[in-house]
Amino acid sequence: MNIKKFAKSISGKEYGTPQFTKEEIQIAKNNKWVIVYGASDDLMELDGYIHDETEVYDGGIVHIQLPYNHESGSVIGGGVVGNYGLQNVMSIIAKWCEDKDSDGNVISWTYDTSVPHEEFNIFEDGEIYCRGIVFAAD
């Protein structure tokens, strides 16, 4: 399965906890994919290869470190960071109620990043609640 097919396979779910199955999380972990999505009115969740969350009330920029093991040549762990001096940091803009769907309905959570990614939708009461992203950590 490639990342595009994976994003399509997790798209269309109703907002809830847990948001993804154990199998979906394991697929993401095995492929070093990170799933980014919103929860409540103040959280950005990361699942899959990185498991973390951060508060982004009203949106904001989130920096995520993708630690790189120079000896083995692989990415190890990672998570939300606030220190710009770290290596292998990427940024995601979490946007609260800034974007709309094709029908003009406001989407609670959307994300922008320069990192290549695929999008998926989470619904609440028949409307898009979150347009999440999946990206490769390596």
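Where is D58 found? It sits in the loop between β4 (52–55) and β5 (60–65). The model is a predicted one. We will come back to D58 after a look at the whole chain.

## Overall layout

The protein has two helices and twelve strands. Read from the N terminus, its elements follow the order α-β-α-β-β-β-β-β-β-β-β-β-β-β. The chain holds 138 residues, and 43% of them count as buried.

## Backbone details

Start with D58. Its phi is positive, about 65°, although D58 is not a glycine. Most residues other than glycine have a negative phi, and most peptide bonds are trans. The side of D58 that meets the surroundings can be judged from its relative accessibility of 48%. D58 is partly exposed, because that value lies between the 20% limit for buried and the 50% limit for exposed.

C97 also carries a positive phi, near 55°, and C97 is not a glycine either. C97 belongs to strand β9. Its relative accessibility is 36%, so C97 counts as partly exposed.

The peptide bond from T17 to P18 is cis. Its omega is near -5°. P18 is found in the loop between β1 and α2.

## Salt bridges

Side chains of opposite charge can pair when their charged atoms come close. How many salt bridges does the count come to? The count comes to three. The table gives each pair with its closest N and O atoms.

| Pair | Closest N and O atoms |
|---|---|
| E24 and K13 | 3.1 Å |
| K95 and D99 | 2.8 Å |
| K95 and D112 | 3.0 Å |

Take E24 and K13, whose closest N and O atoms are 3.1 Å apart. This pair links distant parts of the chain. E24 is in helix α2 (residues 22–31), while K13 is in strand β1. The two residues are eleven residues apart. Is E24 buried or exposed? E24 is buried, because its relative accessible area is 13% and buried means under 20%.

Now take K95. It forms a salt bridge with D99 and another salt bridge with D112. K95, D99 and D112 are therefore linked in a network of salt bridges. K95 lies in strand β9 (residues 89–100) and D112 in strand β10 (residues 106–112), so this pair ties together parts that are 17 residues apart in sequence.

How open are these residues? K95 has a relative accessible area of 11%, so K95 is buried. D99 has 23% relative accessibility, so D99 counts as partly exposed. D112 has 35%, so D112 also counts as partly exposed.

## A charged patch

Which residues gather in a patch of negative charge on the surface? They are E14, D103, E124, D125 and E127. E14 lies in strand β1 (residues 13–14). With a relative accessible area of 45%, E14 is partly exposed. That value is over 30%, so E14 passes the accessibility cut-off for a patch.

## Cysteines

How many disulfides does a search of the whole structure find? The search finds zero. A disulfide needs a pair of cysteine sulfur atoms within 2.5 Å. Two cysteines show opposite ends of the story on accessibility. C130 has 0% relative accessibility, so C130 counts as buried. C97, at 36%, counts as partly exposed.

## A buried residue in β10

I107 lies in strand β10. At 0% relative accessibility, I107 counts as buried. N121 is 14 residues from I107 along the chain. The C-alpha atoms of I107 and N121 are separated by 9.8 Å.

Methods:
Residues numbered from 1 in each chain as written. Predicted model: local features only at pLDDT ≥ 70, side-chain atom pairs only at ≥ 80, totals over all residues. Heavy atoms only, no water. Patch = residues over 30% accessible without salt bridge, like charges linked within 9 Å, V, L, I, M, F, W, Y side chains within 5 Å. Areas by Shrake-Rupley, 256 points an atom, 1.4 Å probe, with all protein chains shown as cover. Salt bridge = Lys/Arg side-chain N within 4 Å of Asp/Glu carboxyl O. Lys, Arg positive; Asp, Glu negative; His and termini not counted. Charge placed at Lys NZ, Arg CZ, Asp CG, Glu CD. Helix = DSSP H or I, 4+ residues; strand = E, 2+ residues; numbered from the N terminus. Buried < 20%, exposed > 50% of the residue type's maximum accessible area, 1.4 Å probe, protein only.
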